[in-house]
Amino acid sequence: MIQKPKGTKDILPDEIGEWQYIEGKIKDIFENSGMKEIRVPVFEATELFSRGVGETTDVVQKEMYTFDDKGGRSITLRPEGTAGVVRSYIENGMGSLATPVKLWYEMPMYRYENVQKGRLREFRQFGTEVIGTQSYLADVEIIILGMEIFKELNIPNIKLTINSIGCPNCRAKYQEALREFIRPNLENYCDTCKTRFEKNPMRILDCKEQKCKKMNENAPAILDYLCDECKEHFENVKSLLNQMDIPYEIDARIVRGLDYYTKTVFEFISEDDGLTVLAGGRYDGLIKEIGGQDTPAVGFAMGMERLIEVFDRYNKEMSFEKNLDVYIANIGDKANIVATKIINDLRKNGIFAEKDICERSLKAQFKYADKKKARFVITIGDNEVLQNIAKIKNMTTGEERDIKLEVQDIINVVNSKN
Ligand code: ATP
Ligand code: MG
C-alpha cells in the first residue's frame with residue numbers, strides 16, 4: 001500500500017472541525033486588527049529563499065525541497081511564508097497602499113527536517129507581516145495579537161520570551177566578540193557550526209546539538225552590544241509591554257532560525273513541553289535584500305500543528321461535530337423528488353439536511369441516519385406525497401409526530417428546543 005510521505009499528516013474529517021474552529025478564531029483576531037489575507041505560491045525561485053532566509057541557516061543549508069523544473073529553473077517549495085509575501089509585496093507595488101500594509105496568511109510549508117515531535121516536513125503556519133513601519137509600536141501590537149490568540153483559544157502556560165538581535169551596525173562588533181569566545185573551542189563544535197564560524201557566527205547560537213549548546217552557555221550576549229538606536233527601540237518595546245502588564249522574559253539566546261531578523265525577536269513557548277509555538281520579529285533589511293525599497297517590517301508565524309497539540313491539552317471537552325439536523329428517508333420516485341426539493345430548501349435556510357443518494361432500502365436509510373446521529377428523521381412514501389403530511393421522528397426522545405411537508409414547518413420543528 002502506498003503511504004503518506006514521512007513527516008506529513010492527513011487532517012481527517014473528524015479533526016477538521018477543530019481546525020476550522022481555531023482557524024476561524026485566529027482569522028477574526030487578524031482581520032479585526034486590520035490585516036488582510038494574502039496567498040502566495042507554494043513554490044518560488046530558489047534564490048528567493050537563499051537570499052531572503054540566508055545561506056547559512058538550517059533552513060537553506062539542510063531543509064529545503066529544491067528541484068529543477070522541466071525548464072531548468074531551480075525551484076523550492078516554500079519553507080516559510082515571509083520571503084514569498086515580501087516578494088509579492090514588491091512585485092505588486094504594495095508600497096503605494098496605505099502604510100503600514102498589514103497582511104496575514106495560513107499556508108503549508110515544506111522543510112526536510114528530522115521528523116520528531118513538533119517537527120514535520122509539511123506543516124501549516126498562520127502568520128502576519130506588518131510592512132512599512134519601523135516603530136516599536138508595531139512590534140508590540142503583534143506581540144499583543146499573539147498573546148490574544150492563546151487567550152482566545154483558552155491555552156495557558158505560554159511564556160513570552162523576547163530579545164533584540166540588533167542591526168548590521170551593532171552586529172559587526174558582536175560577531176567579533178562571539179568569534180573570540182568560540183575560537184578556543186572551535187575544534188569541539190559540530191561541523192555545521194565550524195562552517196558558520198567565519199560567515200555567520202550568530203548561527204552557532206541557534207545550533208540544536210547538545211555539545212554546541214553547552215559550549216554556548218556563557219557566550220557574550222548581543223544585548224550588551226546594541227547601538228543606541230537598537231537599544232532605545234528595545235527599551236521602548238519592554239516599557240510598553242510593562243505598561244500593558246504583559247509578562248515576558250528576556251532570553252539573550254534567541255537568535256531565530258532565519259537570517260532576516262533585526263532588532264526585536266520573540267517566541268511564545270509552551271511551558272508544558274518547551275516547544276516554541278509562535279515565533280517572529282522585526283526584519284528591516286529583508287525587503288531591500290530581495291530587491292525592494294528599503295522598508296522596515298515586523299511579523300510572526302505560528303505552527304498550527306503545534307498550536308493544536310497544546311490546544312488539545314486544555315480543551316478536551318469541546319466538541320466540534322456539526323450535527324445532522326434532518327434526514328429524509330424516502331421510497332419511490334415521487335417521494336424522491338419531494339425529498340430532493342425539501343432538502344435543497346432546508347440547506348438554503350442553513351439547516352444541515354441529507355437524504356438518500358444511494359437508492360437504498362428504507363431500512364438501510366434509517367441505519368445511515370442513525371450512524372450520522374441525525375436529530376430528526378422524516379419518512380416519505382407515495383402516501384405522504386399525496387397527503388402532503390409525513391411522520392417526523394425526534395431521534396433523541398424517540399417521539400414521533402405528523403408534520404406538513406412544508407419547509408417552514410420543518411424548520412420550526414428543527415429549531416424548537418428539541
Ligand atoms: P527551530 O529553531 O525550532 O527549528 P525555526 O526557527 O525553524 O524553529 P520558524 O521558522 O520561526 O522556526 O517557525 C515558526 C513556527 O513554525 C515554529 O515556532 C513552529 O511552531 C512552526 N514550525 C517550524 N518548523 C516546523 C516543523 N518542521 N514542523 C512543525 N512546525 C514547525
Ligand atoms: Mg527549524
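**Close-up 1. Polar side chains reach ligand 1 in this predicted model.** Look here for K208, which places a polar side-chain atom 2.8 Å from an oxygen atom of ligand 1. R111 makes a similar kind of approach: one of its polar side-chain atoms lies 2.7 Å from an oxygen atom of the ligand. G303 takes part through its backbone, with an N or O atom 3.2 Å from an oxygen atom of ligand 1. How much of ligand 1 does the protein bury? Taken alone, ligand 1 exposes 610 Å², and the protein buries 93% of that.

**Close-up 2. The shell around ligand 1 has 16 residues.** If you would like to find your way around, start with R111, R119, L120, K208 and R256, which come nearest to the ligand. By character, the shell divides into 6 charged, 5 polar and 5 nonpolar residues.

**Close-up 3. Strands contribute to the shell around ligand 1.** Three strands, β6 (122-131), β10 (276-282) and β11 (297-303), each supply at least two residues of the shell. Which element gives the largest share? That is β10, with 3 residues.

**Close-up 4. Helices α12 and α15 pack against each other.** Now we turn to a pair of helices. Helix α12 covers residues 333-348 and helix α15 covers residues 407-415. Their axes are 10 Å apart and meet at an angle of about 55°. Angles from 35 to 65 degrees fall outside the parallel and perpendicular classes, so α12 and α15 are oblique to each other. The crossing of α12 and α15 is right-handed.

Key
Residues numbered from 1 in each chain as written. Chains lettered and ligands numbered in written order. Predicted model: local features only at pLDDT ≥ 70, side-chain atom pairs only at ≥ 80, totals over all residues. Heavy atoms only, no water. Near = heavy atom within 4 Å. Polar contact = N/O pair within 3.5 Å; in protein donor to acceptor, adjacent residues only side chain to side chain. Areas by Shrake-Rupley, 256 points an atom, 1.4 Å probe, with all protein chains shown as cover. Helix = DSSP H or I, 4+ residues; strand = E, 2+ residues; numbered from the N terminus. Nonpolar A, V, L, I, M, F, W, Y, C, P; charged D, E, K, R; others polar. Axes fitted to C-alpha atoms, helices over the stretch in contact; angles between N-to-C directions. Parallel < 35°, antiparallel > 145°, perpendicular 65-115°, else oblique. Left-handed = near helix turned anticlockwise from the far one by under 90°.
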